[in-house]
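Please open the model in your viewer and keep the selection tool at hand. The tour below proceeds from the whole chain to pairs of helices and then to single residues.

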Amino acid sequence: MTTARQLEQPITNLYDADFLAWIEDQVQALRTRKANSLDWDNILEELESMGRSEKNALRSHLRVLLMHLIKWQWQPQKQSKSWATTIRNQRLDLKYLLKDSPSLKRLIPEMLPDAWDSAADEAAFETDLPVSTFPESCPWDIDTQILANWWPE
């Protein structure tokens with residue numbers, strides 16, 4: 001006779017042994033509404049991980065964009081097509097990320113101070129300018145400057 005614990009074991013083993021097969025198995029269980037076939041703990045872990053990944057992507061794009069905007073403003077003599085391309089690409093990536101997950105936008109004000117600090121540190125390292133050259137906090141508005149088609153002067 002098969003026990004509930006024995007039925008539970010293959011799901012966990014499949015998760016560890018073949019992630020894609022586990023996903024397909026869980027998708028099928030969801031489609032057929034077979035709640036007893038779902039690997040609840042690992043599904044929860046994966047959903048939480050997906051949320052963290054979205055937040056990390058937002059933070060990363062914001063940091064890279066700010067770093068290049070800083071360099072653009074504080075080293076105008078070194079402005080390049082490469083910097084412009086990075087600024088445009090980061091804005092585009094942020095646009096698509098926010099289009100797919102609009103609720104991320106509410107996190108930008110919370111992330112901005114850390115993203116600014118990291119961007120200023122990186123910009124100081126890359127430009128050999130002292131970090132004190134840059135404002136202590138981001139001087140730009142999120143909607144009308146950072147995410148818009150605006151360029152520092």
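**The whole chain**

Begin with the complete chain, displayed as a trace. Among contacts between residues at least 6 apart in sequence, 65% join residues at least 24 apart. Please bear in mind throughout that this is a predicted model.

Next, switch to a cartoon display. The chain contains 6 helices and 0 strands, and its pattern along the sequence reads α-α-α-α-α-α. The radius of gyration is 22 Å, well over the 15 Å that the globule rule gives for 153 residues, so the chain is more spread out than a compact globule. Turn the model to view its extent: the C-alpha trace spans about 75 × 25 × 25 Å along the principal axes. If you colour by accessibility, 34% of the 153 residues count as buried.

**First stop: H3 and H4**

Select residues 40-74, which form helix H3, and residues 81-100, which form helix H4. The two axes come within 9 Å of each other and cross at roughly 150 degrees. An angle over 145 degrees counts as roughly antiparallel, and H3 is therefore roughly antiparallel to H4. The crossing of H3 past H4 is left-handed.

Now show the side chains where these helices touch. On the H3 side, the residues include Ala57, Leu58, His61, Leu62, Leu65 and Trp72. On the H4 side, they include Trp83, Ile87, Gln90, Leu94 and Leu98. By class, the contact of H3 with H4 comprises 13 nonpolar, 4 polar and 4 charged residues.

**Second stop: the loop between H3 and H4**

Select Gln75, which is found in the loop that joins H3 to H4. Is Gln75 buried or exposed? Gln75 has a relative accessible area of 6% and is therefore buried, the cut-off for this class being under 20%. To see what surrounds Gln75, display Ile70, Trp83, Thr127 and Leu129, with which it is in contact once neighbours within four places in sequence are left aside.

**Third stop: H3 and H5**

Keep H3 selected and add residues 108-127, which form helix H5. The axes of H3 and H5 are 8 Å apart, and the helices pack at an angle of about 45 degrees. H3 is thus oblique to H5. The crossing of H3 and H5 is right-handed.

Show the side chains at this contact as well. H3 contributes residues including Leu58, Leu62, Leu66, Met67, Ile70 and Trp74. H5 contributes residues including Ile108, Met111, Leu112, Ala115, Trp116 and Ala119. The contact of H3 with H5 has 14 nonpolar, 2 polar and 6 charged residues. Leu58 and Leu62 deserve a closer look: these residues of H3 take part in the contact with H4 and also in the contact with H5.

**Fourth stop: Asp128**

Move to Asp128, in the loop between H5 and helix H6, the latter covering residues 142-146. What is the sign of phi in Asp128? The phi angle of Asp128 is positive, at about 65 degrees, although the residue is not a glycine. Asp128 has a relative accessibility of 70% and so counts as exposed.

**Fifth stop: H2 and H3**

Now select helix H2, residues 19-31, together with H3. Their axes are 12 Å apart, and the two helices pack at an angle of about 105 degrees. H2 and H3 are therefore roughly perpendicular to each other. Phe19, Trp22 and Gln26 of H2 meet Asn42, Ile43 and Glu46 of H3. The residues of this contact divide into 3 nonpolar, 2 polar and 1 charged.

**Final stop: Ala29 and Arg33**

Select Ala29, which lies in H2. Ala29 is buried, with a relative accessible area of 5%. Beyond residues up to four places away in sequence, Ala29 touches Lys34, Ser37 and Leu38. You may also draw a distance from Ala29 to Asp39: these residues are 10 apart along the chain, and their C-alpha atoms are separated by 9.5 Å.

Finally, select Arg33, in the loop between H2 and H3. Is Arg33 buried or exposed? Its relative accessible area is 71%, so Arg33 is exposed. The phi angle of Arg33 is near 60 degrees, which is a positive value in a residue other than glycine.

Definitions and conventions. Residues numbered from 1 in each chain as written. Predicted model: local features only at pLDDT ≥ 70, side-chain atom pairs only at ≥ 80, totals over all residues. Heavy atoms only, no water. Axes fitted to C-alpha atoms, helices over the stretch in contact; angles between N-to-C directions. Helix = DSSP H or I, 4+ residues; strand = E, 2+ residues; numbered from the N terminus. Parallel < 35°, antiparallel > 145°, perpendicular 65-115°, else oblique. Left-handed = near helix turned anticlockwise from the far one by under 90°. Contact = heavy atoms within 4.5 Å. Nonpolar A, V, L, I, M, F, W, Y, C, P; charged D, E, K, R; others polar. Rg over C-alpha atoms; globule rule 2.2 N^0.38 Å. Buried < 20%, exposed > 50% of the residue type's maximum accessible area, 1.4 Å probe, protein only.
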